[in-house]
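Let's take a friendly walk through a protein model, starting with the overall fold and then turning to charged pairs and one residue in the core.

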Amino acid sequence: MSELNWQVLPGSSGEGGAPFYTGTSAVFTPPPGGGDRTYTWRAADANVNGVHARYADVANYNPIPGNFGGSIRGALYRADGSSATDHSVFLFFQQQADNATATGYMVGLSPETSSHLVLVKGPLSAGIPTSAVKTDGVIARSTSTFAQGAWVHVRLDVVVNPNGDVVLNTWTNNLDVNDVLTPVWTAVPEMSGIIDDAIGWNTGTPGLNVGGRLGFGYHATASGTAGAVDHIGAIRNVPA
């Protein structure tokens, strides 16, 4: 997908300085294998408390038709020098409506001094929580942590079974060994093989088994924070 295929998700906080500056920029060094620019955000309002997200606006992805699921992957970055506890960056999938307040699956870097990868089912407008599993929509948290100023290459697979259960699998690629162009994906054990069941037993609400929107976003609660994404890719499953 090209840069033009990603549109601002309705309900996102404003851009152009109120409260976010956004766009492609060479300000941050891209991940290994990346190009010369990344998509970036900077929070620029002392009263910021919101999200800015973009979704794939192309045929068969807006939304993904039916209940077949798919996969999204990309490199995530929280800028060093930002207030570590005030911003998160994430990918999303199965967003159930064309608005940032709607529920979807998110995987992203938590707003902590040392981030965890966190898998969430909830509204994009809330960002990535630091809460315990089974609280505030948190489905799983990684054991590993990640410092600010480091790129993290992550992939989320969403598989919808015929009975309506949704299987969630999270993967990472070690960018010190494999660049974003030639990833070698390794499952995150505590974030893989998770069943978001059709009756809502595991997460409190039924799995998101109807096709939705996908994309990437940034949430901030303090001015001066910044983040970026790069090399976003998506695949939709199709019936056999």
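What follows is a short report on the fold, the salt bridges and the surroundings of one alanine.

## The overall picture

Please keep in mind that this is a predicted model. The protein contains 15 strands and zero helices. Its radius of gyration is 16 Å, close to the 18 Å that the globule rule gives for 240 residues, so the protein is as compact as a globular protein of that length. Taken along the principal axes, the C-alpha atoms fill a box of roughly 45 × 40 × 35 Å.

How much of the protein is buried? Buried residues account for 53% of the 240 residues. Contacts reach far along the chain as well: of those with a separation of 6 or more, 67% are between residues 24 or more positions apart.

On the outside, the accessible surface comes to about 9,800 Å², and carbon and sulfur atoms contribute 51% of that. As for charge, the protein has 11 positive and 18 negative charges, and the mean positions of the two sets are 3 Å apart.

## Salt bridges

A search of the whole structure turns up four salt bridges. Three of them are set out here, with the closest N to O distance for each pair.

| Pair | N to O distance | Separation in sequence |
|---|---|---|
| Arg-213 and Asp-98 | 3.9 Å | 115 residues |
| Arg-141 and Glu-112 | 3.4 Å | 29 residues |
| Asp-196 and Lys-121 | 3.0 Å | 75 residues |

Let's begin with Arg-213 and Asp-98, whose closest N and O atoms are 3.9 Å apart. This pair links distant parts of the chain, since Arg-213 sits in strand β14 (residues 213-220) and Asp-98 in the loop between β6 (87-95) and β7 (103-109). The two partners differ in exposure: Arg-213 counts as buried because its relative accessibility is 14%, under the 20% cut-off, whereas Asp-98, at 32%, counts as partly exposed.

Next comes the salt bridge between the side chains of Arg-141 and Glu-112. Arg-141 belongs to strand β9 (residues 138-147) and Glu-112 to the loop between β7 and β8 (114-123), so the pair ties together parts that are 29 residues apart in sequence. Arg-141 is buried at 19% relative accessibility, and Glu-112 is buried at 18%.

Then there is the bridge joining Asp-196 and Lys-121, at 3.0 Å from N to O. Here Asp-196 comes from strand β13 (residues 194-196) and Lys-121 from strand β8, so the pair ties together parts that are 75 residues apart in sequence. Is Asp-196 buried or exposed? Asp-196 counts as buried, with a relative accessibility of 0%. Lys-121 is buried too, with a relative accessible area of 8%.

## A look around Ala-220

Strand β14, which holds Arg-213, is also home to Ala-220. Ala-220 is buried, with a relative accessible area of 0%. Which residues does Ala-220 contact, leaving aside its neighbours within four places in sequence? They are Phe-20, Ala-43, Val-48, Asn-49, Gly-50, Asp-86, His-87 and Thr-225. One of these, His-87, is at the start of strand β6 (87-95). Ala-220 and Trp-41 are 179 residues apart along the chain, and their C-alpha atoms are separated by 9.6 Å.

Technical notes:
Residues numbered from 1 in each chain as written. Predicted model: local features only at pLDDT ≥ 70, side-chain atom pairs only at ≥ 80, totals over all residues. Heavy atoms only, no water. Helix = DSSP H or I, 4+ residues; strand = E, 2+ residues; numbered from the N terminus. Buried < 20%, exposed > 50% of the residue type's maximum accessible area, 1.4 Å probe, protein only. Contact = heavy atoms within 4.5 Å. Rg over C-alpha atoms; globule rule 2.2 N^0.38 Å. Areas by Shrake-Rupley, 256 points an atom, 1.4 Å probe, with all protein chains shown as cover. Lys, Arg positive; Asp, Glu negative; His and termini not counted. Charge placed at Lys NZ, Arg CZ, Asp CG, Glu CD.
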